[in-house]
Amino acid sequence: MDRKLIINLACTGMVPTKEQNPDLPETPEEIAGDVRRCRELGASIVHLHARIDGVPTYRKEIYVDIIAAVREAVPDIIVCVSCSGRNFPNIEQRSEVLELEGDLKPEMASLTLGSLNFPKQASVTDPAMIAGLAERMQARGIVPELEVFDLGMLEISRYLLRKGMLRPPLYYNILLGSLGTASLSPLNLGTLLAALPEGATWALAGIGRFQLAANTMAISAGGHIRIGLEDNIFFDSARKKLATNPMLVERAAAIARLLEREPATPAEARALIGLAPR
Ligand code: ZN
């Protein structure tokens, strides 16, 4: 069980467009189709972003359609939604999707633990926003996907833990390789892992051409992975061949099996992270 690999599929994101990659899933049907195929190939979590006519949106009505389509296609997958602040500045917008009820309620939601610069844009999550989102997730019983791009973000999570504003289970997504934040290297990863709270589950994502190296690093280091077109639209590091979500998951699952790590089922992933069974 300890060797099982949790594959978190970040299938859409905020930034990629269909002009850049025509296989980017945007509509509920397209997203559900990719999630179904990626679940068969080994994904156990899906990290969802919503779009209206290709434009990112925070609106819960759109998430309703996406989550309903995903639940129908793949009833057992762990549904994680984005509370990204890249384009949406206030907490009412960023937390709207947390209000969904019943079968549409997400089990997890992203919580970026600080502000950062992407190559062309700032992503602002100030201390009050971090605390506010954490509080709303805790009140709703939604487990945060703790997004960490730098050591300071990890350290703020330890502070929130001490203050009771975060509680286990703790699932970290460490994202390395974006210009302006920590690069992907064994030293950077090791420094971050050394600062993780005890008992935390961790996954690693590599941005852009670092995705494959991040996958293999995490698999061999005993962690878990986040993968998909949100972070990387190409299959090869020369950026000549476009990827699809299933292509990326299939390759990562094959590497994992070579290293004797079978992809976890969603039920196994829930047990590993400490989520309630579904
Ligand atoms: Zn995202």
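**Exercise 1. The zinc site**

Task: In this predicted model, determine how the donor residues of the zinc ion are spaced in sequence, and which arrangement the donor atoms form.

Solution:

Step 1. The spacing of the zinc donor residues along the sequence reads H-x1-H-x180-E.

Step 2. Identify the atoms. The protein donors are His47 (NE2), His49 (NE2), Glu230 (OE) and Glu230 (OE), at 2.0 to 2.8 Å from the zinc ion. Glu230 thus appears twice in the list of donors.

Step 3. Examine the angles. Four donors count as tetrahedral if all angles lie between 85 and 135 degrees. The 4 donor atoms around the zinc ion subtend angles of 50 to 125°, so the arrangement is irregular.

Step 4. Place two of the donor residues in the fold. His47 belongs to strand 2 (residues 43–48), and Glu230 to the loop between strand 12 and helix 8; the pair therefore ties together parts that are 183 residues apart in sequence. His47 and Glu230 are both buried.

**Exercise 2. Two residues with positive phi**

Task: For Asp53 and Arg239, state the value of phi and the place in the chain, then decide whether each is buried, partly exposed or exposed.

Solution:

Step 1. Asp53 is not a glycine, yet its phi is positive, at about 50°. Asp53 sits in the loop between strand 3 (50–52) and strand 4 (55–57).

Step 2. The cut-off for exposed is over 50% relative accessible area. Asp53 is exposed because its relative accessibility is 79%.

Step 3. Arg239, likewise not a glycine, has a positive phi of about 60°. The loop between strand 12 (224–227) and helix 8 holds Arg239.

Step 4. With a relative accessible area of 44%, Arg239 is partly exposed.

**Exercise 3. A cis peptide bond**

Task: Establish which peptide bond is cis and where Pro169 is placed.

Solution:

Step 1. The bond from Pro168 to Pro169 is cis, with omega near 5°.

Step 2. Pro169 falls in the loop between helix 5 (151–162) and strand 10 (171–176).

**Exercise 4. The packing of helix 7 and helix 8**

Task: Describe the geometry of the packing of helix 7 and helix 8 and the residues that make the contact.

Solution:

Step 1. Helix 7 (residues 211–221) packs with helix 8 (residues 245–258) at an angle of about 30°, and their axes are 10 Å apart. The crossing of the two helices is right-handed.

Step 2. Helix 7 contributes Gln211, Leu212, Asn215, Thr216 and Ile219 to the contact, while helix 8 contributes Leu248, Arg251, Ala252, Ile255 and Ala256.

Step 3. Sorted by character, the residues of this contact are 6 nonpolar, 3 polar and 1 charged.

Note on methods
Residues are numbered from 1 along each chain as its sequence is written. This is a predicted model: local features need pLDDT of at least 70, side-chain atom pairs count only at pLDDT 80 or more; totals for chains, interfaces and linings use all residues. Side-chain values use heavy atoms; hydrogens and water are left out. Axes are lines fitted to C-alpha atoms, for helices over the stretch in contact, and angles run from 0 to 180 degrees between N-to-C directions. Helices (H or I, at least four residues) and strands (E, at least two) are DSSP runs, numbered from the N terminus. A crossing is left-handed if the near helix is turned anticlockwise from the far one by less than a right angle, and right-handed if clockwise. Contact means heavy atoms within 4.5 Å. Ala, Val, Leu, Ile, Met, Phe, Trp, Tyr, Cys and Pro count as nonpolar, Asp, Glu, Lys and Arg as charged, and the others, Gly among them, as polar. Buried means under 20% relative accessible area, exposed over 50%, partly exposed in between (1.4 Å probe, protein chains only). Donors are N, O and S atoms within 2.8 Å of the metal (3.2 Å for Na, K and Ca); water is not among the atoms, so sites may look incomplete. Four donors count as tetrahedral if all angles lie between 85 and 135 degrees; four count as square planar and six as octahedral if opposite donors are over 155 degrees apart and all others between 65 and 115; anything else is irregular.
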